[in-house]
Structure formats: C-alpha cells, structure tokens
Amino acid sequence: MIEVGSPQRGNRVVPLVLLALVVIAVIVSFALTGGRRQDLVRWVPMEEAAARAVSEQKLRMFDFTAAWCGPCRVLTDEVFADRELAALLNSDLIPVKVVDRQREEGRNTPVVAQLQQRYGVQGFPTLVFMDPSGTMLDRIEGYPGKAEVAKRLRGAVLIQSGNLP
C-alpha cells in the first residue's frame with residue numbers, strides 16, 4: 001500500500017499537475033484567440049507607409065479588410081500567420097492594413113474611403129500591391145487560397161527586386 005505523501009505517490013502527482021496546467025493553458029489560449037493563429041506581419045501605419053516605400057524603395061501591400069469578414073480571417077490564419085510568408089512580407093514589402101468600418105460605424109474615415117475608391121475595392125479581402133509612387137501593380141480580390149496568395153506575393157517581391165518572372 002502507498003502512503004499519502006510517500007515518495008512514490010509524489011512522483012506521479014507532479015507530472016499530472018503539470019499536464020493539467022498545460023491542458024488548461026491550451027484551452028484558455030484557444031478560447032482567447034477563437035482558435036485563430038497569431039498574425040506575424042509587422043503592419044506599418046498608413047501615415048508612414050508612403051514615405052517608407054520611397055525611402056526604402058519597396059513595394060507597398062495594402063490589405064483591405066473588415067472585422068466581420070470570414071475570408072479575411074482565413075487569409076490571416078493561413079498567410080499572415082505563416083512564418084515564411086510573414087517574414088517575406090516584413091523584409092521585402094511595406095505591409096499596410098486598411099480596415100473598413102462601414103458596417104460597424106456607418107462610414108469609413110476619409111483616408112480609407114479614398115483608398116477604397118482609388119483602388120476599386122468592392123469586396124474583402126482585397127490585397128493591392130503598388131510601387132513606391134502608388135501605381136497599382138497587382139491586386140487580389142477575395143481569398144483564392146494560400147498557394148495563390150503566396151505565388152503572387154513572391155511575384156511582387158521579384159518585381160520589386162527587378163528580377164521579373
């Protein structure tokens with residue numbers, strides 16, 4: 001018979017307590033994120049993006065998105081939470097998130113409304129790749145899947161580097 005507090009019983013209790021703590025941490029993390037993966041992109045504020053694109057001679061990428069947009073969340077989970085693709089975005093492009101607030105607030109800020117009009121945004125998500133002067137080079141409307149976005153993202157980086165496909 002094993003006595004309470006004996007070394008044999010204590011050896012089993014510690015791993016079980018640690019396992020229980022890990023399970024609780026995973027459940028809490030899942031509940032707080034809704035099961036979503038963490039966005040790894042270092043988004044640049046809109047006010048800084050144009051100047052940085054010119055000074056660093058990099059393309060900008062606008063991610064036109066909305067809080068209520070399901071495909072936008074999938075894009076974030078599959079592309080912006082992917083370490084390789086986020087690293088590419090962070091190193092070779094100036095990524096800017098442009099959030100639509102029409103549904104929530106009844107209107108967008110003048111800057112967001114102007115950008116949506118300029119780049120013909122009709123739905124979400126819409127990714128727009130542009131040169132430092134703001135000329136659109138490519139756009140993706142909707143979410144065609146991780147493979148297609150990755151291909152177009154890599155294509156934008158090749159354009160930016162001068163190594164056209």
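**Fold, sheet and disulfide of a predicted chain**

From the N terminus on, the elements of the chain follow the order α-α-β-α-α-β-α-α-β-β-α, in a model that is predicted.

Q: How many helices and how many strands does the chain have?
A: The elements, taken from the N terminus, run α-α-β-α-α-β-α-α-β-β-α. Counted by type, the chain has 7 helices and 4 strands.

Q: In what order do the strands of the open sheet stand?
A: Strand 1 (residues 59-66) is joined to strand 2 by 8 bridges, and these two run parallel, whereas 5 bridges join strand 1 to strand 3 in an antiparallel arrangement. Strand 3 is in turn joined to strand 4 (residues 136-141) by 5 bridges, again antiparallel. The pairing of this open sheet of 4 strands is therefore mixed, and the order is 2-1-3-4.

Q: Which strands stand at the edges of the sheet?
A: The order of the open sheet is 2-1-3-4. An edge strand has a single partner strand, so one side of it is left without a neighbour in the sheet, and this holds for strand 2 (93-100) and strand 4. Neighbouring strands of this sheet are turned by 15 degrees against each other on average, direction ignored. The strands at the edges are strand 2 and strand 4.

Q: Why is strand 3 largely enclosed by the rest of the structure?
A: On one side of strand 3, Thr-126, Val-128 and Met-130 are buried, and on the other side Leu-127 and Phe-129 are buried as well, so that both faces are covered. Buried here stands for a relative accessible area under 20%. Strand 3 (residues 126-130) is largely enclosed because the number of its residues that are buried is 5 of the 5.

Q: Which residue in strand 4 does Val-128 stand opposite?
A: Val-128 is a buried residue of strand 3, and in that strand Val-128 is the bridge partner of Phe-62. Strand 3 is also joined to strand 4, with 5 bridges between them. The residue in strand 4 that stands opposite Val-128 is Arg-139.

Q: Which residue takes a positive phi in the hairpin of strand 3 and strand 4?
A: The two strands of this hairpin run antiparallel, and 5 residues lie between them. The positive phi, near 100 degrees, belongs to Gly-134.

Q: What angle does the direction of helix 4 make with that of strand 2?
A: Helix 3 (residues 70-80) lies across strand 1, strand 2 and strand 3, and runs at about 140 degrees to strand 1. Helix 4 packs on the sheet as well, where it touches strand 1 and strand 2. The direction of helix 4 makes an angle with that of strand 2 of about 105 degrees.

Q: Which residue caps the N-terminal end of helix 4?
A: Helix 4 (residues 83-92) has buried residues that include Leu-85, Leu-88 and Leu-89. At its N-terminal end, a side-chain oxygen of the capping residue lies 3.0 Å from the backbone nitrogen of Glu-84. That capping residue is Asp-82.

Q: Is the link of Cys-69 and Cys-72 right-handed or left-handed?
A: The structure holds 1 disulfide, which joins Cys-69 to Cys-72 with an S to S distance of 2.3 Å. Both cysteines, Cys-69 and Cys-72, are buried. With 80 degrees about the S-S bond, the link is right-handed.

Methods: Residues are numbered from 1 along each chain as its sequence is written. This is a predicted model: local features need pLDDT of at least 70, side-chain atom pairs count only at pLDDT 80 or more; totals for chains, interfaces and linings use all residues. Side-chain values use heavy atoms; hydrogens and water are left out. Buried means under 20% relative accessible area, exposed over 50%, partly exposed in between (1.4 Å probe, protein chains only). Two strands pair if DSSP finds at least two bridges between them. A disulfide is a pair of cysteine sulfur atoms within 2.5 Å. A polar contact is a pair of N or O atoms within 3.5 Å; within protein, one must be able to donate a hydrogen and the other to accept it, and residues adjacent in sequence count only if both atoms are side-chain atoms. Axes are lines fitted to C-alpha atoms, for helices over the stretch in contact, and angles run from 0 to 180 degrees between N-to-C directions. Contact means heavy atoms within 4.5 Å.
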